[in-house]
Each structure stands twice: as C-alpha cells, then as structure tokens.
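Visitor: I am new to this structure. Please take a close look at one part for me, and then lead me on from there to the rest.

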Amino acid sequence: MKLTLKIWRQKNTSDKGGFVTYVADHVSKDMSFLEMLDVLNDQLTERGEDPVHFDHDCREGICGMCSLYINGKPHGPLQTTTCQLHMRSFSDGETITIEPWRAKAFPVLKDLVVNRSAFDRIIQAGGYVSINTGGVPDANEIPISKTIADLAMDAAQCIGCGACVAACKNASAMLFTSAKISQLALLPQGQVERKSRAENMVAQMDEEGFGACTNTGACEAECPKGISITNIARMNREYFSAVVSSDNM
Amino acid sequence: MILDSKIPAGPLAEKWTKHKFSSKLVNPANKRKYDVIVVGTGLAGASAAASLAELGYNVKAFCFQDSPRRAHSIAAQGGINAAKNYQNDGDSIYRLFYDTIKGGDYRAREGNVYRLAEVSVKIIDQCVAQGVPFAREYGGLLANRSFGGAQVSRTFYARGQTGQQLLLGAYSALSRQVANGKVKLFPRTEMMDVVVIDGHAKGIVTRNLITGAIETHAAHAVLLCTGGYGNVFFLSTNAMGSNVTAAWRAHKRGAFFANPCFTQIHPTCIPVSGDHQSKLTLMSESLRNDGRVWVPATQEIAEKLRKGQIKANDIKEEDRDYFLERKYPSFGNLVPRDVASRNAKYVCDEGRGVNETGEAVYLDFRDAINRDTRKIIEQKYGNLFEMYKQITGEDPYDMPMMIYPAVHYTMGGLWVDYNLMTTVPGLYALGEANFSEHGANRLGASALMQGLADGYFVVPYTVGDYLAQLAPKQVDDTHPEFAKVKEEVQSRINTLLNINGTKPVDYFHKRLGKIMWNECGMARTTEGLKGAKAEIQALKKEFWSNVKLMGTNEELNQTLEKANRVADFLELGELMVDDALNRNESCGGHFREEYQTPDGEALRDDENYAYVAAWKYLGEGQEEELVKEELVFENVKLTQRSYK
Ligand SMILES: Cc1cc2nc3c(=O)[nH]c(=O)nc-3n(C[C@H](O)[C@H](O)[C@H](O)COP(=O)(O)OP(=O)(O)OC[C@H]3O[C@@H](n4cnc5c(N)ncnc54)[C@H](O)[C@@H]3O)c2cc1C
Ligand code: FES
C-alpha cells in the first residue's frame, strides 16, 4: 500500500506547529498503525530528519498511552485504541490526517504527544478509598452482589487515554471522572467518602479547564473500552446529592 | 566472597514472623526525617511508594510513562494467586509454597517463597478494601479459577484485566499519598544512574524526558521497581518501553545480577507477521484447555501450506500431527509453558511450521466447536477470538489459530537478600526487577502476587530496619559524587548524540534480538552461545560507531531514550549468554541441548548447579565474576518433573 500522511508537527508547547506531508510506501495491511509510523520514523532518521514523536507503550490496548487523532476521530475509524488499529482498515492511495488530542487541559508537548497529567490530579482529588496498607478486613467479609461487582468493573475498565476529551466538542472530562466516581460509589468500600469524593473530583475537573458536558454522547461513541455515559448520569446524581448535604465542611 | 541471603534461622513457617519482630523500628516522629526514592510505579513500585508514605517517610516516585498508572503491570491478564483456600479444595500456604518451588524447578529459596505464600492472603484483602472489582460468584463472594502448575483454584481475577485493576488499586493508594504531600511524583522521568557514597546508595541521577534536564536526587534509600528485561529480545510481550537500564546501571555500580539467563517463553502468542513487527501479543494460556495444537505430519504438506496452495482445513486428519498429545499423553495440550514452547520450536525446526515464516503452529478449535457448539466456545473465549481477528485479520472460528512462543517474563534480575536489598546497602530491588522467588520458571499468576507482596508487605519492614540504623539527618546532593555521576551521564548522552552514524537504533535492537532469540532463547548449545557472545561484542562495537540519533538532549527525544536503553541491552545480552554457558544443566526456562534425558526432557544437575548464579561487574571490557549462593532445601525433596 502507498499512503499520504498529513502529520501534525510541533517542536514544543510554545511552537505554533503545523501539518507536514509525508509519503509512506511499503505499508503492509498486517502492520499496526503505530508500526507504520515506526517504519516512517526509521526512514526519516536515515534521511536525517527528526522522527515523529507519539506516545505509546503496551501496544495491547490497555495502558492508555497511545493517543492519535486520526482522520478527525480519536484512535481512528474503529472503536479501539490506536495501537490496536491495523492498516487493513485503510485503503491504498488514501490520505490520512494525524493530529494530537486537542484540548486546553492537554497541552501539546511535541508533535503528537500531549500532557495528560490533569487526569492524575483528578484522581488525586479523591479517586481512592482512604485506607492504609494492613489492618483491613478479610476479602470475603463483605459480600458484593455479582451484578454490582460487574457494573463496578464496567466502569473501572477505563484506561485513562483521554479519547473522551478529544472526542468532545467541549473537551469535557466527564466520562473519565464519572467512571472512577461510579466504580467507587457502587462498591461498599467506597461508601464512606462517597460525597466528598464526588465534590472534590468534580471541582478538580473544573479547575483543570475541561469543558462542560452537553450530552452529545461523542465520548461514549469513541471510548475504546466502551465506558457508558450512564456513568455520567450516576456522577451527576452523586454530585448533586453531595452538595445538598456536603461532607466538605 | 560469600553471599549472605540473610534468611532467618528456624522453622519455615516462623521465619518471617521472627524476622519482623527482630527488625529495628523507626520511631513514628522520626519517619518524616527519612527520604526514600522509589523508581517504577508498577505493582511493586506503586505499592511500595504508597505503603512507605503511609508510614510517614517522604517518598519520591519516578516512572518514564506520562502517568504512574501506565506501568507495564497494567497489561497482565490472567490473574493473581493467593492461598486463601476459599474453595475448600485443599489449598494452603504450604501448598502454594510447594507449587512455586517445584514450578521454579528447584532454583529458588525456600525462605523467600514461603514468605511470599504467607503474605499472599493479605494482598487480596488489601485490594478488595481499595475497591478492586474482582470477579464474584452469585452469592457475592470472590470467584477463583485454576492456572497451570496447580491442582487447586487459587487464582483471583478481574475479567481479563487483572493487572490493570490491581495496578489501578495501587495507583489510587499512591495518588492519595500524592494528595497528602507524602509522595512527590516524577512522571516522564528516566533514572540514568545510582549514586553510591561510601558503599551505600544515596540517590539517583535522572533525565527529564520533556526538557532533557539531567537532575540529581538524594535519599536515605533507593528502591528499584523497574520491571523485567524481556525486551533484550526486541520482540516480546513486554511494553515497548520496558528496559533494563535502571537495574543495569545499578549493576555497574556494585549490585550483583542473578540468573540472567532464566527467561520465560510463553507458548501461546500471535506469531510474527513481518519485519515491521514491533511487539508480540499474548493469547491467554486458557485457550489450551480447548484448543488442540498441531502441525502437518510432513514437511511437504507444510510447504504447500506456506506457499498458499492449500489451507489448514484441507489437511486430512491422518496428515495432522497433534504433537503434544502424541508425546505427552497424560498432560496433552496442557503441559507447562516451557515444555509446550520447546516442542513448538522443534516441529518448526523440522520444517513443519505453518505460516509464511515457517514459525507457527496451529491451535485448533474445530473439535471443541463440534463438541460444545460455537456458542459455548464464544462465551469462553469470545474476546480473545475477537482480539486475534483484529490483529491477524483471520477468523479463528473458521480457521485454526496460529500461535508461536514468545518471550514473556524474566526470572533473573538484581540479586537481593531476604530483605530485598541488593549487594549495595540501601539499594533495594522489588518485583520483576529482582531475581527472587520464581527460580528457573515462573508459574502463571505469580508475578502480580510477588510484586504486591514485595511492595505492600515486605519492604515496609525491611527498609525500616535499614533506615533505623541511619541517623535521621537530612540528605542532600552536595557530595561531589553526585556531580561526578551526573557528569558521566551527560557525557554518555553526548557521545551517543555525536556518533552520527548511518543506522537507526532499532536496526541494532532487532539484530540483538535475533541473536538472543536464536542462541539464548528456547534451546541453547555451547557452540551457539559462544558464537552469540562474539556476535554481540561485534554488534556493540558497531552500535557505538554507527548508530544514528536525531535531535538534541534538550528536548523530548524518543530516539535518544531508545538508544540509551539499547546500549544497556547490548551489555546485558552478553551477560545472559555467559550465564547460560556457565549453567551446564537444563532447568525450567533454561534448556541446554547437551543436557536432556533420553526422551528429550530437561535434565537438572542438582549436585553441581543448585545455586543462584550472581554476577559481579568488574569493569568495562572485563569478564564478570561469578559468585555462587548455594540453595539449601530443608523442606522439599528435589525431584525430576515429568508430564508424560
Ligand atoms: C502480556 C503480559 C501478561 C501478564 N499476565 C500476568 C498474569 O496474568 N499474572 C501474573 O502474575 N503476571 C503476569 N504477567 C507478568 C507481570 O505483569 C509482571 O511481571 C509484573 O507486572 C511486573 O511488575 P513490576 O512492578 O515489577 O514492573 P512494571 O509493571 O514493569 O513497572 C516498571 C516500572 O518501572 C518504571 N521504569 C522502568 N525503567 C525505568 C527507568 N530507567 N527510570 C524510571 N522508571 C523506570 C516504569 O515506568 C514502570 O513504572 C504478565 C506479563 C505480560 C507481559
Ligand atoms: S499503547 Fe497502550 S493502549 Fe495503546
């Protein structure tokens, strides 16, 4: 296959950046999207040009590190992560546009690499159960219904890639934040801090500069892990019931 | 020199309790006067950093990814073992201990392994309390599954994402300590070296991966939780960034490296599809419960297959060789990982491999689908079949899957004593980075257990014992050794950037991987290993004269990151070969063709090789010195494994 790639190049956060066009020949349909870029990068290096920088690590769809905005969609045409996308999803002669996640809260560091530490700070605001190591009850002491455990697991599967933010026209982080709030609100272990957690995580989300949610559902549609927007509804319930009887005093 | 493992005396079941009691304690008010550096935020690092911070120590935590949550532990699928005996099926701490020692082919320490089994039960309690959504039964209690090498169901799991859920649990505990101000996080930061002063680890030198700034950090103790070195083979199931750099630099500063040649090769991975391949994907071991492994009976048929003249389904029953079932009638397709891998290699070496590259065997579900219906198979393995289809473009319901073994885990690592301290006082190694509890072969679902055991339940005691012996004096990086090491790091980077050769880093990494895979992989010979050593030395020379890097140090520079790591892999590769050459026996993942039973099974030599091979670095270009730690077995009897 032979492809034309329009790739966003930007030296660093303060650089203005812009698209550069490359031709990729020798693309085989069995390559993953990132392997296609690996080959391009080796060619660029041999030609003495700076390789295209992009984030990736596990290449198995689970670490949440890869983050390319391909032809106007986070992670490209399929509902998977970029690393799980293969070139057989494209056709010979196609032009592919590759950009970084675009959001105020995710500044570009270089080329296609963005800074997502805002997500870490949202978790630091309350995405945990405040227990120390040791001194906890036996794991089977509190039975949890399978239905609840499964629902909690559905929410807990979030890989924190940020596709939801990239997909949203408001760059809202509601899906990400709500997944963690839901997981812990569903489980008995999360009950004690339920209210303060919802309040603090939502406050942090706002402080980071993520936008509001206008219920377009784009986040759910693009989430590679299928995290449902029912989590956002649950978060809103948690949040409103928390603010009317706040634990944050 | 004698290596002291510091295993406490006394009965096996009392060692850890006695040891904890005799460990020194740091008084609660003094804990905030001690600083601890934790490199790595996988299961081992995140759990250690959180637990030490909860105790009151000041922790600095480092990782090279953009967030601690992305450590390679996130990718573990199958599960985590614990001797809870919730199933009432005869499990016990002793049985988990015994299975692990035996599974490791009797090359691990009894004392360490027993402690691991002992604390395993507390890990599950801890994770559940954090909100880890383990699988449950309808009655609301925790569910278990069984795994290779065990006759009981002791594996806890969270769908196919156990590692993810455990890591997110540890990450949440870590995040809480960040919020409390007890942990300072350094993501996108790579440790480049350790600073050793008067024989004690006193800090590290790092590179900020965004700005390129080389920085120094001082502490009272340094914990390396930096994972395994499987990527020395270039292709492995490890994450792309997994590396040996932190451990290797520590090695060169005095930490011994133990059993480097013990690597685990997993039998069920998706085969290599071409030269562009960057990593390999694991398909869960559970598939071998229903899939039948086979290749064509003759080379001629295999050749037709490879040329695309026939398809798998065209091959008649009598022309198929179900080689595992044929050779191991009682275990069949469920032989342990090392046996399954080796036999796949043999049939491919005979020219009977099935894909274009000739390096693949079939894993066929036809009979299982006919027996159980497609629906049942779909329920059991639906997501795996989907993943396979996504990657290969072939539908395993219609065509047999193709699989081939791949490097998956490294049992070797930094030598540590019972306290998880390396041979450099104040420097610890946890998780896959140490050589630890798995001997020559790791059982499934035991790496997650070990990482969390080390971080949550072992180092909070053993690091405390060390710190209690140091004065609670503030540390800083004004000692000239910090400047010296920093300068060395800087100059190595400059050298790399200035070589300005013609070949990209991956070119060298791929070639190293091929050498390692061919000569120090599933089967090893004296001759092959000797050749490999010479080839690696030549490749190393070529790397340092012909590698081509772009850009500068003062920016995000992914090729520089890679080059740094590959430079260390080149040195490690040579030591792995030395270690494999030294071990004149076959055990676990280490199979030397000269040492096998008449029917082709691994032949251990307990008389001469029941020891840990710890290697001491003596300087650039010098052969490393072998230091042996004899293994003492007081509780288990050493036997030959048989799966016939
Ligand atoms: C595909 C796959 C599936 C697996 N499934 C299972 C399973 O089901 N059950 C099981 O028990 N085990 C499984 N394993 C093995 C297990 O996942 C690992 O052994 C374990 O997670 C390692 O944890 P760790 O904390 O030691 O290291 P890692 O999770 O690898 O973490 C290493 C950390 O060190 C950091 N780091 C490394 N080098 C540097 C450096 N130079 N500077 C700064 N930071 C650095 C990284 O950023 C990272 O944070 C699996 C492994 C693979 C590859
Ligand atoms: S690289 Fe890990 S999810 Fe894509």
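Guide: Start with A:Ala163. Its relative accessibility is 1%, so A:Ala163 counts as buried. The cut-off for that word is under 20% relative accessible area. Keep in mind that this is a predicted model. A:Ala163 belongs to helix H4 of chain A, which covers residues 163–167. Now look along the chain to A:Leu175. A:Ala163 and A:Leu175 are twelve residues apart in sequence, and their C-alpha atoms are separated by 9.8 Å.

Step back to the whole of chain A for a moment. Chain A has eight helices and seven strands. Along the principal axes, its C-alpha atoms fill a box of roughly 60 × 35 × 35 Å. Of the 249 residues in chain A, 57% are buried. A:Ala163 is among the buried residues. A few others deserve a visit.

Take A:Asn41. You will find A:Asn41 in helix H1 of chain A, residues 33–47. With 11% relative accessibility, A:Asn41 also counts as buried. Its side chain makes a contact with the backbone. The partner is the backbone nitrogen of A:Val52, and the distance is 2.7 Å.

Go on past H1. A:Cys66 sits in the loop between H1 and strand S3 (69–70) of chain A. Is A:Cys66 buried or exposed? Its relative accessibility is 4%, so A:Cys66 counts as buried. Then find A:Thr82. In sequence, 16 residues separate A:Cys66 from A:Thr82. In space, their C-alpha atoms are 6.2 Å apart.

Next comes a residue with an unusual backbone angle. Most residues other than glycine have a negative phi. A:Asp111 has a positive phi, near 45°, and is a residue other than glycine. A:Asp111 lies in the loop between strand S6 (108–110) and strand S7 (113–114) of chain A. The relative accessible area of A:Asp111 is 2%, so this residue is buried.

A little further on is another loop of chain A, the one between helix H2 (117–124) and helix H3 (146–156). A:Gly127 is found there. Its relative accessible area is 2%, which means that A:Gly127 is buried. Compare its position with that of A:Met174. The two are 47 residues apart along the chain, with 14 Å between their C-alpha atoms.

Now turn to chain B. B:Ser436 also has a positive phi, near 35°, in a residue other than glycine. Look for B:Ser436 in the loop between strand S17 (427–429) and H12 of chain B. At 5% relative accessibility, B:Ser436 counts as buried.

For a contrast, go to helix H15 of chain B, residues 526–546. B:Lys541 is in that helix. Its relative accessible area is 67%, and exposed means over 50%, so B:Lys541 is exposed. From B:Lys541 to B:Leu570 there are 29 residues along the chain, and 9.8 Å between the C-alpha atoms.

End at ligand 1. Why is its site shared between chains? Residues from chains A and B surround ligand 1, so the site is shared. There are 38 residues around ligand 1. Those that come nearest are B:Gln65, B:Ser73, B:Met191, B:Glu432 and B:Leu448. The shell divides into 16 nonpolar, 18 polar and four charged residues.

Look at the oxygen atoms of ligand 1. One is 2.4 Å from a polar side-chain atom of B:Gln65. An oxygen atom also lies 3.1 Å from a polar backbone atom of B:Phe64. For B:Leu448, a polar backbone atom is 2.8 Å from an oxygen atom of the ligand. How much of ligand 1 does the protein bury? Taken alone, ligand 1 exposes 1,000 Å², and the protein buries 97% of that.

Ligand 1 sits in the largest cavity. Four elements of chain B give two or more residues to its shell: helix H2 (43–55), strand S6 (189–197), strand S15 (401–410) and helix H12 (447–467). S6 of chain B gives the most, with three residues.

Note on methods:
Residues are numbered from 1 along each chain as its sequence is written. Chains are lettered from A and ligands numbered from 1 in the order in which they are written. This is a predicted model: local features need pLDDT of at least 70, side-chain atom pairs count only at pLDDT 80 or more; totals for chains, interfaces and linings use all residues. Side-chain values use heavy atoms; hydrogens and water are left out. A residue is near a molecule or strand if one of its heavy atoms lies within 4 Å of it. A polar contact is a pair of N or O atoms within 3.5 Å; within protein, one must be able to donate a hydrogen and the other to accept it, and residues adjacent in sequence count only if both atoms are side-chain atoms. Accessible areas come from the Shrake-Rupley method with a 1.4 Å probe; for residues, only the protein chains shown count as cover. On a 1 Å grid over the protein atoms alone, a cavity is a set of points where a 1.4 Å probe fits but cannot get out, and a pocket is an open set with protein on both sides within 12 Å along at least five of seven lines; lining residues have an atom within 4 Å of a point. A molecule sits in a cavity or pocket if more than half of its atoms lie within 2 Å of its grid points. Ala, Val, Leu, Ile, Met, Phe, Trp, Tyr, Cys and Pro count as nonpolar, Asp, Glu, Lys and Arg as charged, and the others, Gly among them, as polar. Buried means under 20% relative accessible area, exposed over 50%, partly exposed in between (1.4 Å probe, protein chains only).
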